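Welcome, and have a look at the chain below before reading on. The report walks through some local backbone details, the overall build and the nonpolar interior.

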Amino acid sequence: MRRLQLYIEGQRVDLFKDESVSLTQTIKNVKDIAKVFTEFTQTFSVPASSVNNKIFKHYYNFDISGGFDARIKVDAKLELNDLPFKDGKIALLGVELKNNLAHTYKITFFGNTVNLKDILGDAQLSSLAFRGLNKTYKFTTIVSALQPSVPITNDVIAPLITHTNRLIYDSSSHPVYDPEATTNNLFAHTGTTHNGVAWNQFKYAIRVQAIIDAIESKYPSIQFSNDFFNDNTNEKFYNLYMWLHRKSGHVEPATQVEVIYTKLQDLISTNTQVVSSVSGGVVFVNSVSSNPVTSLRLKLNPNTSNIYSYQVIRDGGQIITQGNNVSNNINTLITSPEFRDNASYLVQFSSPLGIEFNAGDIEIEVNYTDFENTPPTFEKDTYENNATVTIDANPDFQFNIVEQIPKMKIIDFLSGLFNMFNLTAYVDGSGTIVVRTLDSYYAASTQVYNIDKYLDTTKSTVDIALPFKEINFSYKGLGTFLAKQFNQLTNSGWGSLSYSLDGEIFDTPSEAYKIEVPFEHMQYERLFDANTTLSSPTATNIQYGYSVNENQQSYKGEPLLFYPRVASAGGFSPRIRDTQGTDVADLDTFVVPSNTLSLNPSSIPFGSDVSIHFQNELSEWWANSQDAAEQFANDFTDTIFETEYKEYIQDVFSLSRRLVKITAYLPMKVYYNLQLNDLIEVGQSRYKINSMKTDLTTGKTEFELLNTIL
């Protein structure tokens, strides 16, 4: 019999002498491969001794002030024969009473990895701090972020992903642009500043590793190893970015930034004034008994689509109506009690990106009733701006990452990465959370334990190991315009995979298994010159993302992950234009978003076959190319499935795979050191551990084993 010791927050717990305590462990279970597991015990009991009553603060007595909080797991550790065995948490489930006296406390021990969810709870990514990474949001900073260094060392960049407008490249002699100069033709036409995409079509993106850094910074008890995270040589992960796209359409200003308003100064009368007058942009209302004023109406019709805010202020102080972060026409009626006679009214504006009104686009009506007419008529005094009104961009507008990062729980973000890359995790002796790919975890151990002499030969089973007929891998977010179009044309999700061995159909069992990662997966578009005078379409070096739905309306979707690649213009410089002037920037280099780690798998030194598709899809960069390089379209073969799932999943579907259930009575020297990536040898056969349940006091271990396949 082994001696088991349990400590809760450093205090040793009294145990029943005959209590059986079982520890179940699994790192990846063939029956539920999308979950990250940790060791846990079955519920067991400890006596309501004086020692334990003190630890649990007489939990059965709910009248005690400041008693034990069973809503929270507390630190605990297990020892075997006074040797440290497992660290984790204890959850108190309840107390059993006999003859109205406390008799037994029911508790469960959890391994440390499950502690992630306890620590993080429902905390959002927006609760993290991204110190030093916030940027101003304006023409010059976006242009700079579109052109990072090579290789990219910046944690915050701006990719060519538009939130609303679809881009074109047309070198025709007559550029395509509309009267309001909101063209999306990227060709740098000479003699005009009307073409080019508006700079505020773009948003920043953050390196995913920077989010991991922020998690570790906020939660000191969460420190990941450098086996997958925290490794800048792991390009597959380190080069991954998340688009900072919290809402569809334009960026909204950060709430903590003080908004600077500009007062409307330019107003003139457009008719004979009866009940009001104007001076310096302030409308004064002072009616007479025969013409009582009833209301005031404000009409706004900006000529740019930037967001803006407006306020109507009465008597120089009180805001009686306002609109925040609007981007359309406004027609608002102000009535009693906000509107009063014998008062003054001022309109003021603010815009983080700048806003402009043409002459006559701002109109104020003062409505009154004329009782001198029979019958009485409804009349109005009207005022409007007689010249263009330009509200400059708020110079203090910050692109605050915590307000722009997609809405997502931290635990869902981490779980998504674990499922995306088939990661597994466990806590080592130093408290570090070791995160590795499943294949590398199994490859890290060469230890083999032969347990022939410990076997209980009275009973064992050999079961089918295939728990499902196929596995479907996909991204949750497949709603952008081109990804949706791909699905409609191919009846398949972009980058998704339905897998069964050699494509065969298995009807035993009948269920399919679904692994869906909670991220957006966008299909990108490489632009070709739309100039119809050219003999054949010419591919530019411009690839961009178009974040709209199938109706081409601005689209939020799930958090978008992508690889940024810096492309050289190669004679196809995209033009970015300022919305508050005539400034333009013709980019020599720029960030193109990609689902592949490189654009050219054969280039040196940055060539790579890696993609974040589950199945190999045609590269957006090469798919429509007319030259010999078109062959590269199929060459990004290192998909997530191929590199992270295939070895494990192929074995699951193998005709030779079995799930073997056996029982052994292991000596302490074996199960004390046994790790879940060690191999178990029975006779001449070797097995991986699917799960194991051990009675810590007797060493009785019930194994679920998967035979290795050569």
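## A tour of the chain

Pro151 sits in the loop that links α3 (139-145) to β10 (156-157). Please keep in mind that the model is predicted. The bond leading into this proline, from Val150 to Pro151, is a cis peptide bond with omega near -5°. Another cis peptide bond joins Thr374 and Pro375, with omega about -5°. Pro375 has its place in the loop between β25 (362-370) and β26 (377-384).

Some other loop residues are worth a look for their backbone angles. Asn100 is not a glycine, yet its phi is positive, about 65°. Gln552, also a residue other than glycine, has a positive phi near 60°. The table sets these two side by side.

| Residue | Phi | Loop | Relative accessible area |
|---|---|---|---|
| Asn100 | about 65° | between β7 (83-98) and β8 | 67%, exposed |
| Gln552 | near 60° | between β37 (539-546) and β38 (561-568) | 39%, partly exposed |

The cut-off for exposed is over 50% relative accessible area, so Asn100 at 67% counts as exposed. Gln552 at 39% falls between the 20% and 50% limits and is therefore partly exposed.

### The whole chain

How many helices and strands does the secondary structure of the chain come to? There are 11 helices and 45 strands. The radius of gyration is 33 Å, well over the 27 Å that the globule rule gives for 710 residues, so the chain is more spread out than a compact globule. The C-alpha trace spans about 110 × 80 × 45 Å along its principal axes.

Of the 710 residues, 52% are buried. The accessible surface of the chain is about 31,500 Å², and carbon and sulfur atoms hold 46% of that surface. If you count the contacts with a separation of 6 or more, 74% of them come from residues 24 or more positions apart.

### Helix α7 and the nonpolar cores

Now to helix α7 (residues 410-421). Its 12 residues should span 16 Å at 1.5 Å a residue, and the end C-alpha atoms are 17 Å apart, which agrees. Is the helix mostly covered or mostly open? It is mostly covered, with 10 of its 12 residues buried. Among the buried residues are Ile410, Phe413, Leu417 and Phe421, together with Gly416 and Asn419. Just after α7 comes Asn422, with a positive phi near 55°.

In soluble globular proteins, nonpolar side chains tend to be buried together. Here the largest nonpolar core has 147 residues, and those with the most contacts inside it include Phe413, Leu417 and Met420, along with Ile211, Phe229, Phe473 and Phe703. Helix α7 gives the largest share of this core, eight residues. Apart from this core lies another one, of 30 residues, among them Leu264, Leu296, Tyr310 and Val389.

Leu417 is a good residue to click on. Leaving aside residues up to four places away in sequence, Leu417 touches Val208, Ile212, Phe229, Phe237, Leu423, Phe519 and Leu561.

### Strands and their partners

Strands of a sheet pair through backbone hydrogen bonds, either parallel or antiparallel. One open sheet has three strands in the order β12-β39-β40, with mixed pairing. β12 (197-198) and β40 (584-586) stand at the edges with a single partner strand each, so one side of each has no neighbour in the sheet. Strand β39 (residues 575-577) and β40 run antiparallel and are joined by three bridges. Arg577 has Val584 in β40 as its bridge partner.

Strand β5 (residues 44-47) is joined to strand β8 (residues 101-111) by four bridges, and the two run antiparallel. The bridge partner of Phe44 in β8 is Ile107. Phe44 and Val46 point one way from β5, Ser45 and Pro47 point the other way, and all are buried.

Our last stop is Phe399, in strand β28 (residues 398-399). Is Phe399 buried or exposed? Its relative accessibility is 1%, so Phe399 counts as buried. Phe399 and Tyr204 are 195 residues apart in sequence, yet their C-alpha atoms are 8.3 Å apart in space. Not counting residues up to four places away in sequence, Phe399 touches Tyr204 and others, including Asn134, Lys135, Thr136, Tyr137, Leu244 and Val251.

Terms used
Residues are numbered from 1 along each chain as its sequence is written. This is a predicted model: local features need pLDDT of at least 70, side-chain atom pairs count only at pLDDT 80 or more; totals for chains, interfaces and linings use all residues. Side-chain values use heavy atoms; hydrogens and water are left out. The expected span of a helix is 1.5 Å times one less than its number of residues. Buried means under 20% relative accessible area, exposed over 50%, partly exposed in between (1.4 Å probe, protein chains only). Two strands pair if DSSP finds at least two bridges between them. The radius of gyration is taken over C-alpha atoms; the globule rule is 2.2 Å times the number of residues to the power 0.38. Contact means heavy atoms within 4.5 Å. Accessible areas come from the Shrake-Rupley method with a 1.4 Å probe; for residues, only the protein chains shown count as cover. A nonpolar core is a set of buried Ala, Val, Leu, Ile, Met, Phe, Trp, Tyr and Cys residues joined through side-chain atoms within 4.5 Å.
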